[in-house]
Every structure is written in structure tokens, then in C-alpha cells.
There are 2 protein chains.
Amino acid sequence: MQIAYAKYLLTPHTIEQDMAIAYDKEIIAIAPLEKLRAQFPSAEIHDYGNAALLPTFANPHVHLEFSANRATLSYGDFLVWLYSVIEHREDLLPRCEKECLEEAIKQILHSGTSAIGEISSYGEEMELCAASPLRVHFFNEIIGSNPAAADVMYASFIERYARSKKLESPTFKAGIAIHSPYSVHYILAKKALEIAKRDNALVSVHYAESRAEREWLDHATGPFKKFFKELLGQSTPANEPMRFLELFQDLRTLFVHMINTTDKERELLKNFDATIIHCPVSNRLLGNGVLDIDALHNPYTLATDGLSSNYSLNMYEEMRAALFMHPYKNAVTFAKDLIVKSTDFSHEILGFPGGKIAPGLPANFQIVDIPDDLRAREEIYLHIILHTQLPRKVIIDGTEL
Amino acid sequence: MQIAYAKYLLTPHTIEQDMAIAYDKEIIAIAPLEKLRAQFPSAEIHDYGNAALLPTFANPHVHLEFSANRATLSYGDFLVWLYSVIEHREDLLPRCEKECLEEAIKQILHSGTSAIGEISSYGEEMELCAASPLRVHFFNEIIGSNPAAADVMYASFIERYARSKKLESPTFKAGIAIHSPYSVHYILAKKALEIAKRDNALVSVHYAESRAEREWLDHATGPFKKFFKELLGQSTPANEPMRFLELFQDLRTLFVHMINTTDKERELLKNFDATIIHCPVSNRLLGNGVLDIDALHNPYTLATDGLSSNYSLNMYEEMRAALFMHPYKNAVTFAKDLIVKSTDFSHEILGFPGGKIAPGLPANFQIVDIPDDLRAREEIYLHIILHTQLPRKVIIDGTEL
Ligand SMILES: [Fe+2]
Ligand SMILES: [Fe+2]
């Protein structure tokens, strides 16, 4: 048994002062330090002093396979980026084998994140994910807009999905990712989603990321026209947007990006079991603009996307960026929202217990330094986002990293 | 004599590859490493390898006196913040004496900034600024909306300004700051600006920072009404905006914030020698919104404001925030703009040589790590902003910090 004390404890919904937690692999009790000391006299005590103890984060959308990228891919515009992905993919992907993947996972853990939604194109990182202390919802991605290649693409997807199903455990879940409406043929998407329905699997899909996607899907025009013609010999979009979205009707789905949606699309999703995944840094770097979070009818949460379109997988960086990309939200209340979403809510949508400090949950928490001069206690969430580069300590399943 | 080599040299307007610089206190020559080695055979050589050598930054708007603040002041709303400044000022200011000021200056230097515009309310930091390796344009601030206190306020200003004039040197210049149109009586501003005109002094003024300021100056309404009534017994604004702005007609002025300006105001400034100082982090944290940089007729540059409304004085943090607060600017070209402004242009407006890598200029430069996998050379500016927490080395007047 161990006891951890910090001046502030964020559940994260409330701020408790002068409370400690007793834990082994799970959180056993929350009470004042002296009470826990009396109750568990042989427990090891960690007094973190002027700090906050808060749950670890979940990051529901990453692409670990692209973790070798720092400056290989081009930023500034979605199509420029997409062409650079195609140009450099063969060079980039082999640069992220075991060591690079392990380094990415280590950085995720040390930045206070203990659960991820991993979008996997090839499945090479599957075993590593299943064996790591991270909770991983492993989304096997299907892609392929060309009907001629559909069978090969489907077979690859089925093989990976089956392999990941076998690895399922309390810390590893198999999910299904549909790459996007422009890159997955309707029939292929439908077949993959039938599997999701059968297995009650969680689904992830990129949707309405760029203006180019909108133009292509709505009018078969814009920069995607040249892209599809030259690279895939295709002249019509793989999907009609509303018909594509209707495929997700009876599923639990994470809709990623959703920047350029129509009123009709947002209305349709109202009654779906849908969560919007907001990746502000990625959106900004690829020139996709800013998600209008106030226009959504569904709840949203935050993710980093992969290192293919971000400089960091650290949720503190992402939360700071979110603060700057939504400058009209009150800094104090929005900061609390971001932390509550990134802990409790993101654990909930990925289906892993955690993201809260409560008895019976895994002892997954982090300790961050708090400025000595904090006056208005409710501003603690904002100061955590502003001042934290890395947490002082991260504890996963009761063990310090 | 010393020679510094890095794979990339940013002048900052151009990116030179495989060039080195020879320097003592000044930059002597720029040429390929082998050529400089032959020319200066006894020079000490620093090979920084896969890095970029670029000029140090100038940060034209800080308030060092408030450097003790981390979480004493309240964020989220300008008036809430202003009331917290008044509530905690007496506690906050004495917490920033010699040691705290020295720490702030050290952090500025180590983050690659070698010149500042310091807005000084009390002048206690004057000697420290004059003695530091920083180039300091020292803006003695005048404040006072109440005519009854005008003489005392003016006398304090004159005393500080005279003291700073005596300290002038190639690295320390005396300037004049008018706090704002709502806080400085017209006559007081006019008298201070007559001194500026006489001495050809550079002027700084906060303008159009909050929506509350706009409401108060335009209509004598809004949250400032209660503020002025209760704290100062004042029921009318200290200035009519256009009349106030006309005071700056024949001066060189840094207009700080300028978020809520009218078309007429921006038109008026067209023919003034005016630069707009943009403090995105401060604006965001105090709920003031975002400056529309495309609506300006005058050039702008970036500054951090003080630790009273920022979590950092590091220009890399500020540039990253600027990138996120202007998400519709192309990331690649905007990043270059930000670096060019923060080096060359900000040195120019503060009146200090530097901000460029060129023979005859002070040997003020920094070395930052560059990702190994940079493919598109013109994206180097963006990657510097995204990946730099602190420069690897900072060299001021030819000496490594
Ligand atoms: Fe993605
Ligand atoms: Fe200021």
C-alpha cells in the first residue's frame, strides 16, 4: 500500500484540498493524510507538497506508425501535406520500427497520458501496443477508394482486425477505423462496419478535415480532382457524404476533425452515438482551420493526431494550443473543460476505466507543480495547462514510471 | 576571433547553407567554413552541426516589475484581471526585487532574446536594466486620469525619465510610455509627449486592448464605469479616442494591443510613424480576443507583454501561440514572418543594431536544433517555432551566455 499527498487533488471535476489517496494497483481510499496514515500504518508515503494530483489523460487519436516524422512531411496546406505523405511514406514508415515506437509510447506515458486510440494502417505496432502499460484502443484502419483493389484491402483489414481481437485484454481493445469518405469505397466501408456492428466495436473515422475534401465530395471539384485522377485514375468521389454518414447510424463512432461539416450533417449525428475528436494542432498545421466547437450537437474531446501532423504527442501542448485556437472561450472555465474532457471523458469514450480519482479505479495519476502564489483556486486548471511542460511524476497501475 | 558553423544560417531573410561566421564582439565575415578557417587560422571554431544559426530576438513590450506573478493575478476577463492587479499589487511588486528581476532577465537572455522594450511604472529596475547585457529601450510610464493627482504623477515621471536619460548608452535608451487613453489625463499625456517630441524619444502606449475600454471611451458605459466611479470617483473618460491619438501625430510610437480599433482610427495611423505591438498570449488570457493583423495599415510585430499576463517571456512560446491564434495564415510563410519580425524588425523599431547576421553588427546570435529529417528547406522557420523550447546556445556580443 502507498499513500500520495499533494496540496490539491483534482478528481478532476472538483478540487479537493489537503486530501491524500491510498493505493496499490487501484485507488483504495481518499481521505486526509493523517486519517490514511492511521488506517494504513505500514504504507509508503509520498508527500508531493505544493502540487496537484490529477488523473492521467487519454489521447483518443494518434498514428504511432508515423512517429519518425519531425520535418519530413510538408505543412501549411492539406493537399501539399498529402502529396508529401505519398512522396515520403516509403522512407518514413520504415524509420519507425521497434525503437521509434517504444520511444513514442514512452513519451506519451511520461507526458501523463495512459490511454490512447491508435489508428493503425499496417498493424506492425499491434503487439507492442498490447504489451505496453498504455491502455490502447487499437483501431484497425481500412482504406481503398478503388473497387478493383477492394478485396485486397478488405483481406488486409480482416487479417489485422482478427489478430487484434486475439490480443484483447483489460488494457487492449480491438476497434475499426474507416479512413475517410474520400478514401474508402462505400461497399468497403459498409462491410467493415457490419463487422463493427456484429462485434459492438468502437469505430473511428476522419471526416470533413479539409475544404478540399468538401469540394471533392460535394461537387467532384477542387484540388482532390487532380489528385484522384493522376494517382488513382478516379474521377468520381467514393461516397456521397450523407449516405456515407448514415452507415454509422447504429454504431459508437469517433468522428475525427469535423471542421467543414454542414448543418444537415451535424443534425444527422444528433441522434448517433457519436463523439467528435478535435485535433487543433494538426488542423492548424495542415491549413484546415478551426473546428467550431459551439456549433456541435455531439460532445467533443481533444486528441493530438499523429506525429505526421503534430510536433508533440504531449496533451499539455495540445491543451495549450486549444486554448489559443479558441480565444473567445473564457480561459478559466475552458481550461477546466479541457482537463475534464482529456481525463474522464476520453477514458469513457475509449472504454477504459480511469480518468478519475475514485476508489476502485486503477491508480493512474500524475503530479504536476503548482505555482506557489495561486490565489483563485478555481484557476488551477488554467495554470496547470499554462505552466506544465511535463508532469513531475506519472504513476500507472500504482507504479511510478 | 571565433568561428561558428551550423548547417543552416538564417540571416533571417534568407536561408544560407554551409556558411559560417567569423566574429569577435561583432560579426566580421560570413563565408564557407574552410574559407574562414584559412582567413583566420588562430580562430576558435564552434561546429554546431545539424542546427540553425539565427539572430537573437527583440521583445518590444515587457513589464519586468511584475515578474513575480505566476498565479497571483486572475485571468479570463480584462476587468477581473484589472481588479486583481489592484488587489494584489502591494503584495506582488515587492516580491520582484533584485533577485526576481535578475532571474527574469536571465530567462529572457537564455531564451534567445537580447533586446527588450521595458515598460516601467516605478523605475526600480532601471539600473539593473542598464547594467545587463540586454539592450533595453526603457519606457518610463506616466499614468493618472485624475487631474487632482496630475502634478504628482508628472513629477514622478519627470524624475524617472531624467534618471534614465543619464544612463543612456549604446545598449540603454530612454523612452516614454503613456499608459493608456483611459488612464492618462489628456493634459498629462500632452505634456509627456512634448518631452518625447523635444528629445525625439520613442513612445509606447497601450491602446484598444479590451472591449470594456472601447465602451468606456466611446460611450462612458460598460464595466469601466463602475471601476472608475468606485475606485477613482470619476464619471467621464480621460480622453476622446481620436483626439488622444492625434497627440501621437509627429512621434515614433509603438501602439500596443490595438485589438478593438475603429476603421477611422486605423486610417488616422496610416501616416503616423507607428508600429503595432501584438501580444497574443496576453490578449488571450485576459479575454481580449485576437488582433486582426490583416486589417492593419501599419506594420506590426510580436511581444510577450509582462508576466502579469503571460506564463513566459520566451519568444518561442509567443511565436507558437501566434501560430495558433492566427490559424488561417499559411503555417510555413507565417512562421517566416514571425521570425523575421521578431529578429530584424523588432531590433529596428527599438533602435538597436542587431536582429540580422551581417558583418559589422553585434555578434548576437543563437543556435537551435533542427530535425535531421528536414526535407523542404523553406519550412525551417516553422520547425524552429514548433520544436524549440530553448535555444542550444545564445551568444551575446561574441560571448556565450
Ligand atoms: Fe488522423
Ligand atoms: Fe503591457
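**An iron site and the chain around it**

In sequence, the donor residues of the iron ion (ligand 1) follow the spacing H-x1-H-x142-H-x98-D. Two of them bring distant parts of the chain together: His63(A) sits in the loop between strand E8 (57-62) and helix H2 (78-92) of chain A, while His206(A) belongs to strand E12 (residues 202-207) of chain A, 143 residues apart. The model is a predicted one.

The protein donors of this iron ion (ligand 1) are His61(A), His63(A) and His206(A), each through NE2, and Asp305(A) through OD, at 2.2 to 2.6 Å from the ion. The angles subtended by the four donor atoms run from 82 to 173°, which makes the arrangement irregular. His63(A) is buried, its relative accessible area being 10%. His206(A) is buried as well, at 8%.

His206(A) also leads into the nonpolar interior, for it is one of the residues that Ile178(A) touches. Other contacts of Ile178(A) include Ile142(A), Val184(A), Leu193(A), Val205(A), Phe244(A) and Phe248(A). Ile178(A) and Ile178(B) have the most contacts inside the largest nonpolar core, a set of 228 residues. In soluble globular proteins, nonpolar side chains tend to be buried together.

On the scale of the chain, an unreviewed UniProt entry annotates residues 53-373 of chain A as "domain: Amidohydrolase-related". Over that stretch, chain A is 42% helix and 18% strand, with the end C-alpha atoms 18 Å apart.

Finally, the two chains. A turn of 180° with a shift of 0.0 Å along the axis lays chain A on chain B with an RMSD of 0.0 Å. That is the relation of a two-fold axis. Of the interface residues of chain A, 100% are also interface residues in chain B, so the copies meet through the same surface.

Conventions: Residues numbered from 1 in each chain as written. Chains lettered and ligands numbered in written order. Predicted model: local features only at pLDDT ≥ 70, side-chain atom pairs only at ≥ 80, totals over all residues. Heavy atoms only, no water. Least-squares fit on C-alpha atoms with pLDDT ≥ 70 in both. Contact = heavy atoms within 4.5 Å. UniProt positions renumbered as here; feature names shortened; annotations may be inferred. Helix = DSSP H or I, 4+ residues; strand = E, 2+ residues; numbered from the N terminus. Core = buried A, V, L, I, M, F, W, Y, C linked by side-chain atoms within 4.5 Å. Buried < 20%, exposed > 50% of the residue type's maximum accessible area, 1.4 Å probe, protein only. Donors = N, O, S within 2.8 Å, 3.2 Å for Na, K, Ca; no water. Tetrahedral: all angles 85-135°; square planar, octahedral: opposite > 155°, others 65-115°. Lists of a residue's contacts leave out its neighbours within four places in sequence.
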